[in-house]
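Visitor: I have a structure open in front of me and would like to learn how to read it. Could you walk me through a few features?

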Amino acid sequence: MKKTSWVSKLTSTVAAGTAAFLLFASFASAHVTVNPSNAQTSAWQMYTIKVPSEKELPTTKITLKVPKEVTFKQYQPLTGWKISTEKNESNEVTSITWEVDGDNQGILAGQFQQFNFVAQNPKNEAEVAWDAFQYYSDGSIVEWTGKPGDNNPHSITTISEDPAVTGNAAASDGHDSAGTAGTATDDKAADTATDDKKANDDTTLGDALSDTVTGQPNNTDTDTGTLKLQQATLIVSILALIMSFLGIALATRRKKR
C-alpha cells in the first residue's frame, strides 16, 4: 500500500507540474507580435501583426501605433474586419485599427489572427517599436507597450543596411518582373546587391506584396526559442503520461496480491 501511495503522489505531482508548465508556456508565447523583427533600410516592407487571445474572451479590436520612423502605405483587406486609420496634420497615418464587423465574433480563446500591411522603412538604421492595444469583448484593454522583458512588451523591428539581417525585406534593385527579391549567392553577389540598393533606395510595392499574392504568411513565429519551448512542453507531457501508466500498473499489481 505504501508503494502505491508513493507512486500515486508522484504521479499527481508530475501531472500538476505539467499543467502549470503548459499554462506558463501558453502565456509566455502568446504575445502580440509584429514581424519581421529585422528589415532593410528604405524597403517597402510587408509587416504582419499576429494577435492571439490570452483570455477566455474574444478579442474584438486591435489598434497598432505606427512608429514615426516608418511610413504607412497600405493595408490588406480582411473579411469580417473593419479597418480604419488615424492621420496627423501632415496626413501621415499614425495608427491602424482592426475591429470586428458583421457576424464576426472576433478572435476566440485559443485562436490567433494575422493582419498584413505595407510600410516603407526609414533610410537610416533604427530600432522601431510597435505599440499595440488589444480590446476584449468585456471592454478590457491589454496595452502591449512595455520594453523587452516586461509582462506586456511591444515588438521591435531592427532596420539595418546589412542585407544579411533583413528577414523578409525586399532586396536587390526592386525591379524583378515577378515581384520577388533578388538573392545574393556569394560575397560578390551580396556586394552587387548592396550597390544596386544604393543606386535605387526604394523597392517596389510589388515586392512587398509578393507574400500576399502567394497567400503565404509573411513571417510566422518559428524562431529557435519557440521551437525549444514546444519541445520542452512535449517532453514534460510524455513524462507525465508515463508516470500515470506506471501508477496504474503498480496499483493493479498490488490489488492482485
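Guide: Gladly! Let us start with a term: two residues are in contact when they have heavy atoms within 4.5 Å. Keep in mind, too, that this is a predicted model.

Visitor: Which residues is S95 in contact with, leaving aside its neighbours within four places in sequence?

Guide: S95 is in contact with T63, L64, K65 and V66, and also with S84, T85 and E86. As for its place, S95 lies in strand β7.

Visitor: Is S95 buried or exposed?

Guide: The idea is that a residue counts as buried under 20% relative accessible area and as exposed over 50%. S95 has a relative accessible area of 2%, so it is buried.

Visitor: Let us turn to the backbone. Which residues other than glycine have a positive phi, for example in the loop between β2 and β3?

Guide: S42 is one of them, with phi near 70°. You will find S42 in the loop that runs between β2 and β3 (44-52). Its relative accessible area is 3%, which means that S42 is buried.

Visitor: And what is the phi of N91?

Guide: N91 is not a glycine either, yet its phi is positive, at about 65°. The loop between β6 (81-87) and β7 (93-100) holds N91.

Visitor: Is N91 buried or exposed?

Guide: N91 counts as exposed, because its relative accessibility is 54%.

Visitor: What about peptide bonds: is the one from N35 to P36 cis or trans?

Guide: To read this, look at the omega angle. From N35 to P36 omega is near 5°, and the bond is cis. P36 sits in the loop between β1 (33-35) and β2 (38-40).

Visitor: Now the strands. What is the order of the strands in the open sheet of 3 strands?

Guide: Read across the sheet, from one strand to the next. Here the order is β2-β12-β9, and the pairing is mixed. β2 and β9 (126-130) are the edge strands, each pairing on one side only. From one strand to the next, the twist averages 30°.

Visitor: In which sense do β2 and β12 pair?

Guide: β2 pairs with strand β12 (residues 155-160) in the parallel sense, over 3 bridges.

Visitor: Which residue in β12 does Q40 stand opposite?

Guide: Q40 stands opposite S160 in β12. Try finding that pair in your viewer, then trace the sheet in the order β2-β12-β9.

Methods. Residues are numbered from 1 along each chain as its sequence is written. This is a predicted model: local features need pLDDT of at least 70, side-chain atom pairs count only at pLDDT 80 or more; totals for chains, interfaces and linings use all residues. Side-chain values use heavy atoms; hydrogens and water are left out. Helices (H or I, at least four residues) and strands (E, at least two) are DSSP runs, numbered from the N terminus. Buried means under 20% relative accessible area, exposed over 50%, partly exposed in between (1.4 Å probe, protein chains only). Two strands pair if DSSP finds at least two bridges between them. Axes are lines fitted to C-alpha atoms, for helices over the stretch in contact, and angles run from 0 to 180 degrees between N-to-C directions.
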